[in-house]
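I opened the model today to look up a few things and write them down in order. The topics are the ligand site, the salt bridges, one helix and a few single residues.

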Amino acid sequence: MTVTVQLLTRHQIERMPERAREVVEYRKSGLSLNHIQGCPLDCAYCIRHTYGLWDQRVPRALMSDDEAVEELVNHRYFQPHVTPVQVFNRATDPFLPVVRPHTFAVLEDLDARKLTNHVLVITRHQMKPEDIERLNRLRCVKVTLLFTYSGIDNKDIEPYPSHVAAESLKLMSEPRERRYRTVLYWRPLVPGLNDSPQHLDQAYELSKHADATVFTGLFYRDQIADYYRANKLPEPYDEAARRKIMPETLERRVLSTFAGNDSLFRKTSCAVAYAHELSDYNGHYGIPELCDICPLAQLNRCKNAYKVPDARGVRKVAGALPEARGMVVVNITEHAAIVSGLETEQPRYYVQHALGFQVHDVRHPHRERRHGRADIGWKDGTQDG
Ligand code: SF4
């Protein structure tokens, strides 16, 4: 018998925090579907802290899978064959035993619609040999499994052991012929916690199993910092940040551990694109310092696909969204379009994916070599240490 999750009543849904009720939401790496929310794995840095859902440990559904996929594909942000999609990446793990049937139901529904969009599935849970066969039956969607692995052994911060994700990555990467791709999603890297030479070496060994590896830091928002303090967890930084934190020296050590590896990336979309032998759908090629660790064949793919739009083209794409009609194109360089007048980040991601070109908000200028990460741990204005 398939065990699935409980469906919430309308009354229960109305009592949820506002953001939790948003089942389809544009996040940086794609349009995210989250009609199941709740997770028992208790990672201390979970994003659920940031919108009032931390106490929801039991996965529960806001609607059926059919309704959720309908909502996704009919969403104004969804572009068939273009928009990268992420399934259950905000509030649960897609391969928890009770969530797994829903994950497959969504993937199979999207596939039956003959959609060729990227679909990212991020997990730290145990996967099973039968998952290989079932994923291999998908014909159209471009599925990437991203295995969250940190090597953190402090059980107060990450009670669910990293070695499970490592074993899942090995299992799912083993078949030579497969239709999906695997990525070692090495995160969060935190100074003093999981950045010893042994930790770095272990991640390097593990990366040999994956089609690609991406490394990133900790998303240490105010609510997460509050939780760390309240529970007397070792605080990694003395301030919270809007962006993920990856100190400069740690990045340099990671790059030197991986010297000679040609499938390490700084950005999730780059790792996913590389694994499928496609150009990066986020247009990161416009930020050349991101590409200095990228293999030549991939650089050429991105270069060939790269096209700088004109202001009219940017406005035309944005014009499809009511909330982006007030958007102003401040400037377009060969690196990015700089825009203003958008109240939220979501329409910006829509335009970025429609054009395959970076779109930056004038309020949040990108700093050279920070790669969209927080300033913490970087020497201001320096070129090289
Ligand atoms: S060439 Fe640059 S944009 Fe393309 S995948 Fe590599 S790092 Fe990303």
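**Entry 1: the ligand.** For this entry I take a cavity to be a set of grid points where a 1.4 Å probe fits but cannot get out, and I say that a molecule sits in a cavity if more than half of its atoms lie within 2 Å of its grid points. The model is a predicted one. Where does the ligand sit? I find it in the largest cavity.

I then listed the residues around the ligand. Four cysteines are among them: Cys-270, Cys-291, Cys-294 and Cys-302. The others I noted are Asp-280, His-284, Tyr-285, Leu-290, Gln-298 and Leu-299. Sorted by class, this shell has seven nonpolar residues, two polar ones and one charged one. Which element gives the largest share of the shell? I find that helix 10 does, with three residues.

**Entry 2: salt bridges.** I counted 22 salt bridges in the model. I looked at three of them one by one.

The first joins the side chains of Glu-25 and Arg-90, with N to O at 3.0 Å. Glu-25 is in strand 2 (residues 24-27), while Arg-90 is in the loop between strand 6 (85-87) and helix 3 (100-112), so I noted the pair as a link between distant parts of the chain, 65 residues apart. Are the two partners buried or exposed? Glu-25 is buried at 6% relative accessible area, and Arg-90 is buried at 2%; the cut-off for buried is under 20%.

The second is between Asp-292 and Arg-266, whose closest N and O atoms are 2.8 Å apart. Asp-292 belongs to the loop between helix 9 (268-275) and helix 10 (296-305), and Arg-266 to the loop between strand 11 (264-265) and helix 9, so this bridge ties together parts 26 residues apart in sequence. Here the partners fall into opposite classes: Asp-292 is exposed at 55% relative accessibility, whereas Arg-266 is buried at 7%.

The third pairs Arg-348 with Glu-345, the closest N and O atoms being 3.9 Å apart. Arg-348 is buried at 9% relative accessibility, and Glu-345 is partly exposed at 33%. I also looked for bridges that share partners, and they join Arg-19, Glu-25, Arg-27 and Arg-90 into one network.

**Entry 3: helix 12.** Arg-348 led me to helix 12 (residues 346-355), where Arg-348 is one of the buried residues. How many residues of helix 12 are buried? Eight of its ten are, so the helix is largely enclosed by the rest of the structure. Besides Arg-348, I listed Gln-346, Pro-347, Tyr-349, Tyr-350, Val-351, Gln-352 and His-353 as buried.

What do the buried residues of helix 12 pack against? I find strand 2, strand 3 (30-33), helix 11 (311-318), strand 13 (337-340) and strand 14 (359-361). After the helix comes Gly-356, which has a positive phi, near 60 degrees.

**Entry 4: two residues of helix 8.** I started with Leu-250, which lies in helix 8 (residues 248-257). Leu-250 is buried, at 2% relative accessible area. Setting aside neighbours within four places in sequence, I find Leu-250 in contact with Leu-189, Pro-191 and Asp-195. I also checked Leu-250 against Ser-32: they are 218 residues apart in sequence and 30 Å apart in space, C-alpha to C-alpha.

Thr-257 lies in helix 8 as well. At 21% relative accessibility, Thr-257 counts as partly exposed. Which residues does Thr-257 touch, not counting those up to four places away in sequence? They are Leu-200, Asp-201 and Tyr-204. For the pair Thr-257 and Leu-200 I noted 57 residues of separation in sequence and 6.8 Å in space, C-alpha to C-alpha.

**Entry 5: Thr-268.** Thr-268 is found in helix 9. Thr-268 counts as buried, at 14% relative accessibility. Not counting residues up to four places away in sequence, I find that Thr-268 touches Ser-29, Leu-120, Leu-146, Tyr-185 and Val-214.

Definitions and conventions. Residues are numbered from 1 along each chain as its sequence is written. This is a predicted model: local features need pLDDT of at least 70, side-chain atom pairs count only at pLDDT 80 or more; totals for chains, interfaces and linings use all residues. Side-chain values use heavy atoms; hydrogens and water are left out. A salt bridge is a side-chain nitrogen of Lys or Arg within 4 Å of a carboxyl oxygen of Asp or Glu. Helices (H or I, at least four residues) and strands (E, at least two) are DSSP runs, numbered from the N terminus. Buried means under 20% relative accessible area, exposed over 50%, partly exposed in between (1.4 Å probe, protein chains only). A residue is near a molecule or strand if one of its heavy atoms lies within 4 Å of it. On a 1 Å grid over the protein atoms alone, a cavity is a set of points where a 1.4 Å probe fits but cannot get out, and a pocket is an open set with protein on both sides within 12 Å along at least five of seven lines; lining residues have an atom within 4 Å of a point. Ala, Val, Leu, Ile, Met, Phe, Trp, Tyr, Cys and Pro count as nonpolar, Asp, Glu, Lys and Arg as charged, and the others, Gly among them, as polar. Contact means heavy atoms within 4.5 Å.
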